[in-house]
Amino acid sequence: MTYPTPSSRIFIYSQPFRAVPLHFSAACFVGALATDIAYWRTAEMMWTNFSSWLLTAGLLIAGIAAIGGIADFATGRLPLGGIGLLYTFGNLAVFVLALFNAFVHSRDAWTSVVPTGLTLSIVAVVVMVINAVLGRMVQRRYFKGIA
């Protein structure tokens, strides 16, 4: 009688280097959208200051995520073929939109948010959501259903 020998293959999934800073920067950009909406509804200057701070923090943390993305590419955790390239350009697009939004928020009072700053915040968050779906597709394709 023969018994099957069990396989000793273990798949260890580790998060990409860019994952944590990317999520923190996304939270800052969503927070900037929320404070832009609050300023639009109330015209309280405190909200535009919060938006500026959140955009600045999100951009700084996104810079750290970009360094992590370069490290992920160098170690093979971020394939740059097909959807991976689209995902990378999506991250870059969100960064550029947030940078322009930070420049718009440096203006004075009402014109710093309404309508340009609010529009840029909405577009950045929509692109971020689309990019999150693309990132999940890259993860599933790279790990072939393990993740």
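Trp47 counts as partly exposed, at 26% relative accessibility. In this predicted model, Trp47 shares helix 2 with Phe50, three residues away, about one turn of the helix. Here is a quick tour of the aromatic rings, the helices and a buried histidine.

**Aromatic rings**

- The ring centres of Trp47 and Phe50 are 5.7 Å apart and their planes meet at 80°, so this pair is edge-to-face.
- Like its partner, Phe50 is partly exposed, and its relative accessible area is 30%.
- Trp53 joins Trp47 and Phe50 in one aromatic cluster.
- The count of aromatic pairs comes to three.
- Tyr39 and Trp110 make a tilted pair, with 5.6 Å from centre to centre and 45° between the planes.
- Tyr39 belongs to helix 1 and Trp110 to the loop between helix 3 and helix 4, so their pairing ties together parts that are 71 residues apart in sequence.
- Tyr39 is buried, with a relative accessible area of 3%, whereas Trp110 is partly exposed at 40%.

**Charges over rings**

- Arg41 lies over the face of Trp40, 5.3 Å from the ring centre.
- Arg77 sits over the face of Phe17, 4.5 Å from the ring centre.

**Helix 1**

- Helix 1 covers residues 19-42; at 1.5 Å a residue its 24 residues should span 34 Å, and the 35 Å between its end C-alpha atoms agrees with that.
- Buried residues of helix 1 include Cys28, Phe29, Leu33, Asp36 and Tyr39.
- Just after helix 1 comes Ala43, with a positive phi near 60°.

**Nonpolar cores**

- The largest nonpolar core holds 14 residues, and Phe29, Leu55, Leu59, Ala98, Val113 and Met128 have the most contacts inside it.
- At least two residues of this core come from each of helix 1, helix 2 (45-75), helix 3 and helix 4 (116-143).
- Helix 1 gives the largest share of this core, four residues.
- Beyond four places in sequence, Phe29 touches Leu55, Gly58, Leu59, Val94, Ala98, Val125 and Met128.
- Another core, of five residues, lies apart from this one, and among its members are Leu78, Ile83, Tyr87 and Leu134.

**The buried histidine**

- His105 is found in helix 3 (residues 83-105) and is buried, with a relative accessible area of 4%.
- The side chains of His105 and Asp36 make a polar contact at 2.8 Å.
- Leaving aside neighbours within four places in sequence, the contacts of His105 also include Thr48, Ser51, Leu55, Val113 and Ser121.
- His105 and Gly117 are 12 residues apart in sequence, with 6.4 Å between their C-alpha atoms.

Note on methods: Residues numbered from 1 in each chain as written. Predicted model: local features only at pLDDT ≥ 70, side-chain atom pairs only at ≥ 80, totals over all residues. Heavy atoms only, no water. Buried < 20%, exposed > 50% of the residue type's maximum accessible area, 1.4 Å probe, protein only. Contact = heavy atoms within 4.5 Å. Polar contact = N/O pair within 3.5 Å; in protein donor to acceptor, adjacent residues only side chain to side chain. Expected span 1.5 Å × (residues − 1). Core = buried A, V, L, I, M, F, W, Y, C linked by side-chain atoms within 4.5 Å. Phe/Tyr/Trp six-rings, centres within 6.5 Å; stacked < 30°, edge-to-face > 60°. Lys NZ or Arg CZ within 6 Å of the ring centre and 35° of its normal.
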